[in-house]
Amino acid sequence: MAEHFHLIGIGGIGMSAIARLLLRSRKEISGSDSKENSNTRVLEQLGAKICIGHKASNVSGASQVIYSSAIKEDNPEIKEARRLGIRLVRRAEALAGLMADKSVITIAGSHGKTTTASLASCLLMEAGLSPTLAVGGVLRNIDTNACAGNGNFFVAEADESDGSFLCYKPLYSIVTNVDCEHLDYYKTFDKEKDAFRSFLNLTEKNGCVFYCDDDLNLKEIVEGYKGRAVSFGLNPCSDFSPEKIKFNALSSSFDCIYRGKSIGSFSLSLGGVHNISNALSVIALGIELGIGVEVMKKAFLDFKGAGRRLEIKFKGPDFIVLDDYAHHPTEIKATLSAVSQLKAKRVIAVFQPHRFTRTKILFNDFIRSFGEADLVFITDIYPAAEKPIKGISGMSLCEGMRGAGKENVYFSPRSDLLGNVMKFVRPGDLVITLGAGDIVGLSDELAEIFKNKA
């Protein structure tokens, strides 16, 4: 009898990656989610049994139930699994199990994980290493977030949000940065930094950590690390650093300097100086793995990016629509800085805050994050199963931005957002949707409108 895995929250980007890998190993897979999405539809086509809505009967016949950190203890499927004595496994533990016979490459950090993991995956594929991969977004080169390769390497995005990245034992790990984030779980930034210290110490003794030398928090953490560590960053003292940086819209080029010597010029189909830093980490990994520079150059040139990371939804003579997952002040600033290279007449940023706790903790940082936008729309907070917090809302964030001197900031309920944005749009505008919730739907609607106008 085939082993039966049931995944609660199967439509999520991380859970759907595990489901894809389990389906490839011919396991019986079922899963549930609160609503249908593109991931549930594809998984159903691949052979998973999908249940929309959470109810106890969904776990019937399962030998193991896998769940994400978004699933609470009062979920009826969790409760039923406990009652029946079915083994319950966290998402990260399930992923760690799939890594068991592989050499693991993890990409960790507060920001930039998905893009960096996607680029590293493309590099290993270009080098013929046939990696297995599980990333936190759709890798547009292969139009999926997970695939089972025949090679020895497993490339995975390591999610620190609930401490579950401590389940992994990587041979190599890239850490992009460490920022004040997920304090709903960690409570203090010091505890978050301690978790990253523990993560570094999980690296295998014959492996290596690649860390960003520009990030002061990360440098402090790495100081106590006893293993081998290689630095990358814009700092010319880093082991890997760039020179002759050039931007052309949402692409860039640079020379990579490795310990004082140029190893070549690289062209990257990504905008923003933060993505050059991400690319340097992948070059460092490539050198470690013995991948040739020309192979790396081709992988970078052919890289199509990750879904919802500076993704162009529409580009015409009069309008541009972009979508980005940015949901933290640091990410918003980096994204809008990259967008400025497109030289639009106006940049209209449409932001959906994600989680009440994050909005509360980083409130003052959010109100200072939109300096490069000419006009800002704030909509309702996407709760992600959190309960509302008194005084914390899209409206209060909008008022805070106005109070800090930001003009042309408007609040709009999500239900009215499309119509309200369209009232302000004029030829020459670039509209970018920002957030980790369902704001991507607005970018699709805007793109469809502008396509019909073209």
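**Pockets, salt bridges and a few odd spots**

By class, the lining of the second largest pocket splits into four nonpolar, four polar and three charged residues. This holds for a predicted model, and everything below is read from that model too. The pocket in question has a volume of about 210 Å³. Its lining is drawn from Leu21, Arg24, Ser25, Leu98, Asp101, Lys102, Thr132, Ala148, Gly149, Asn150 and Phe154. Two of the elements that come up again below can be placed against this list: helix H1 covers residues 13–24, and helix H4 covers residues 91–98.

Next comes the closed space inside the protein. Rolling a probe the size of a water molecule over the atoms shows where empty space is left. The structure turns out to hold one cavity of 30 Å³ or more, and the volume of the largest cavity is about 80 Å³. Around the largest cavity sit Cys180, Glu181, His182, Leu183, Asp184, Arg355, Thr357, Arg358, Ile361 and Leu362. Sorted by class, that lining comes to four nonpolar, two polar and four charged residues. Two helices, H6 (183–186) and H12 (356–361), each bring at least two residues to the lining. H12 gives the largest share, with three residues.

Two of the residues lining the largest cavity, Glu181 and Arg358, also pair up with one another. Their side chains meet in a salt bridge, with N and O 3.1 Å apart. This pair ties together distant parts of the chain: Glu181 is in the loop between S10 and H6, while Arg358 belongs to helix H12, 177 residues apart. Are these two partners buried or exposed? Glu181 has a relative accessible area of 3%, so it counts as buried. Arg358 is buried as well, because its relative accessible area is 6%.

That bridge is part of a longer tally, which comes to 25 salt bridges. Another one joins Arg91 to Asp159, with 3.4 Å between the closest N and O atoms. Here too, distant parts of the chain are linked: Arg91 is in helix H4, and Asp159 is in the loop between strand S9 (153–157) and strand S10 (172–175), 68 residues apart. Arg91 has 14% relative accessibility, so it counts as buried.

A third bridge brings the side chains of Glu288 and Arg228 together, at 2.5 Å from N to O. Glu288 comes from helix H9 (residues 273–289), and Arg228 from the loop between helix H8 (216–222) and strand S12 (229–232), so this pair also links distant parts of the chain, 60 residues apart. Glu288 counts as partly exposed because its relative accessibility is 26%. Arg228 is likewise partly exposed, with a relative accessible area of 40%. Elsewhere, salt bridges with shared partners join Asp190, Lys193, Asp194, Arg197 and Glu220 into one network.

Helix H9 shows up again on the surface. Leu234, Ile245, Phe247 and Val273 make up a nonpolar patch there, with about 280 Å² of accessible area together. Val273 is the member found in helix H9, and its 37% relative accessibility is why it counts as partly exposed.

Then there are two arginines with an unexpected backbone angle. Arg26 has a positive phi of about 65°, although it is not a glycine. It lies in the loop between helix H1 and strand S2 (28–33). Arg308 also has a positive phi of about 65°, and it is not a glycine either. Its place is the loop between helix H10 (293–302) and strand S16 (311–315). Which of the two is buried, and which is exposed? Arg26 counts as exposed because its relative accessibility is 75%. Arg308, by contrast, has a relative accessible area of 12%, so it is buried.

Last, a look at strand S19 (residues 375–378), where Ile378 is found. Ile378 has 0% relative accessibility, so it counts as buried. Between the C-alpha atoms of Ile378 and Ala146 the separation is 33 Å, and the two residues are 232 apart along the chain.

Key
Residues are numbered from 1 along each chain as its sequence is written. This is a predicted model: local features need pLDDT of at least 70, side-chain atom pairs count only at pLDDT 80 or more; totals for chains, interfaces and linings use all residues. Side-chain values use heavy atoms; hydrogens and water are left out. On a 1 Å grid over the protein atoms alone, a cavity is a set of points where a 1.4 Å probe fits but cannot get out, and a pocket is an open set with protein on both sides within 12 Å along at least five of seven lines; lining residues have an atom within 4 Å of a point. Grid points are joined across faces, edges and corners, and a volume is the space filled by probe spheres set on the points. Helices (H or I, at least four residues) and strands (E, at least two) are DSSP runs, numbered from the N terminus. Ala, Val, Leu, Ile, Met, Phe, Trp, Tyr, Cys and Pro count as nonpolar, Asp, Glu, Lys and Arg as charged, and the others, Gly among them, as polar. A salt bridge is a side-chain nitrogen of Lys or Arg within 4 Å of a carboxyl oxygen of Asp or Glu. Buried means under 20% relative accessible area, exposed over 50%, partly exposed in between (1.4 Å probe, protein chains only). Patches are made of residues with over 30% relative accessible area and no salt bridge: like charges are joined within 9 Å, nonpolar side chains (Val, Leu, Ile, Met, Phe, Trp, Tyr) within 5 Å. Accessible areas come from the Shrake-Rupley method with a 1.4 Å probe; for residues, only the protein chains shown count as cover.
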